[in-house]
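Here is a short report on one protein chain. The topics are its fold, its core, its main pocket and a few single residues.

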Amino acid sequence: MKTILNVVWLVLSGFWLFLAYVVAGVLLCITIIGIPFGIAAFRIGVYALWPFGYTAVERRDAGAPSCIGNALWLVLAGWWLAIGHIVTGLALCVTIIGIPLGIANFKLIPVSLLPLGREIVRTDQPFAATATKQRTGW
C-alpha cells in the first residue's frame, strides 16, 4: 500500500514539492553559511519526494546550534515551504482518494518549518537510528 500511495503522491504533488526544496537548497547553498541549511533542504526534499513509509524523529543530541539554525531557517525558507504544504494538502483533501495524500502534506509541515535536529527514518524502525548511536557511540 505504501508503494501505491508513494507513486500517486509522486505524480500529484511529490515531484513539485521536491523541486521547491531543491530550489530552496540551491539558493541557500550560495553562501558558505547557508550550506547546512541547503543540505537540510535537500534531505527534506527527498523525504517529500517519497514520504510514505518514513517519518521524522527528533534528535536529542542536536543542541543549541540547531535551535539557532531553525530560527534562521524559519525566516529564510520555512514559511514559504510550509505554505506550499498547506496549499497542496488542502487541494489534495478535496477528493476522498486524496485525503491520505493531504494528511501526508500536513505531516511535512513541522519538518519544513524546523528541519534541523531531525532525522528521517523508516516507520518500521523509528528508534533504530537512536539505538545504534547509543550502542556504538556514532
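Helices (H or I, at least four residues) and strands (E, at least two) are DSSP runs, numbered from the N terminus. By that count, strand E2 covers residues 118-122 and gives the largest share of the lining of the largest pocket, 3 residues. The model is predicted.

**Overall fold**

The secondary structure of the protein chain comes to 5 helices and 2 strands. Along the sequence, the pattern reads α-α-β-α-α-β-α. The chain has 138 residues, and 36% of them are buried. Take the contacts between residues at least 6 apart in sequence: 72% of these join residues at least 24 apart. The accessible surface is about 8,300 Å². Carbon and sulfur atoms account for 76% of that surface.

**The pocket**

The largest pocket holds about 160 Å³ of space. Its lining includes Arg43, Arg59, Ala62 and Ser66. Leu116, Gly117, Arg118, Glu119 and Ile120 also line this pocket. By class, the lining splits into 3 nonpolar, 2 polar and 4 charged residues.

Where does Arg59 sit? Its place is in the loop between strand E1 (54-58) and helix H3 (64-92). Arg59 counts as partly exposed because its relative accessibility is 31%, and the partly exposed class runs between the 20% and 50% cut-offs. Arg59 and Leu116 both belong to the pocket lining. They are 57 residues apart in sequence, yet their C-alpha atoms are 8.9 Å apart in space.

**The nonpolar core**

The largest nonpolar core has 23 residues. Which residues have the most contacts inside it? They are Trp9, Phe52, Trp73, Leu81 and Leu101. Four elements give two or more residues to this core: helix H1 (2-28), helix H2 (35-49), H3 and helix H4 (99-113).

Leu101 shows how such contacts are spread along the sequence. Leaving out residues up to four places away, Leu101 touches Leu5, Val8, Trp9 and Leu12, along with Phe52 and Leu92.

**Single residues in the helices**

Gly78 is found in helix H3. Is Gly78 buried or exposed? Gly78 counts as buried because its relative accessibility is 0%, and buried means under 20%. Beyond residues up to four places away in sequence, Gly78 touches Trp73, Ser112 and Leu113. Of these, Leu113 lies 35 residues from Gly78 in sequence, with 4.4 Å between the C-alpha atoms.

Val26 is found in helix H1. At 47% relative accessibility, Val26 falls under the 50% cut-off for exposed, so Val26 counts as partly exposed. Ile35 is found in helix H2. Ile35 has a relative accessible area of 35% and is therefore partly exposed. Outside its neighbours within four places in sequence, Ile35 is in contact with Leu28 and Cys29.

The table sets out the C-alpha distances for four residue pairs.

| Pair | Apart in sequence | C-alpha to C-alpha |
|---|---|---|
| Arg59 and Leu116 | 57 residues | 8.9 Å |
| Gly78 and Leu113 | 35 residues | 4.4 Å |
| Val26 and Phe37 | 11 residues | 9.7 Å |
| Ile35 and Gly25 | 10 residues | 8.2 Å |

Methods: Residues numbered from 1 in each chain as written. Predicted model: local features only at pLDDT ≥ 70, side-chain atom pairs only at ≥ 80, totals over all residues. Heavy atoms only, no water. 1 Å grid on protein atoms, 1.4 Å probe; cavity = no way out; pocket = protein on both sides within 12 Å on 5 of 7 lines; lining within 4 Å. Points joined across faces, edges and corners; volume = space filled by probe spheres on them. Nonpolar A, V, L, I, M, F, W, Y, C, P; charged D, E, K, R; others polar. Buried < 20%, exposed > 50% of the residue type's maximum accessible area, 1.4 Å probe, protein only. Contact = heavy atoms within 4.5 Å. Areas by Shrake-Rupley, 256 points an atom, 1.4 Å probe, with all protein chains shown as cover. Core = buried A, V, L, I, M, F, W, Y, C linked by side-chain atoms within 4.5 Å.
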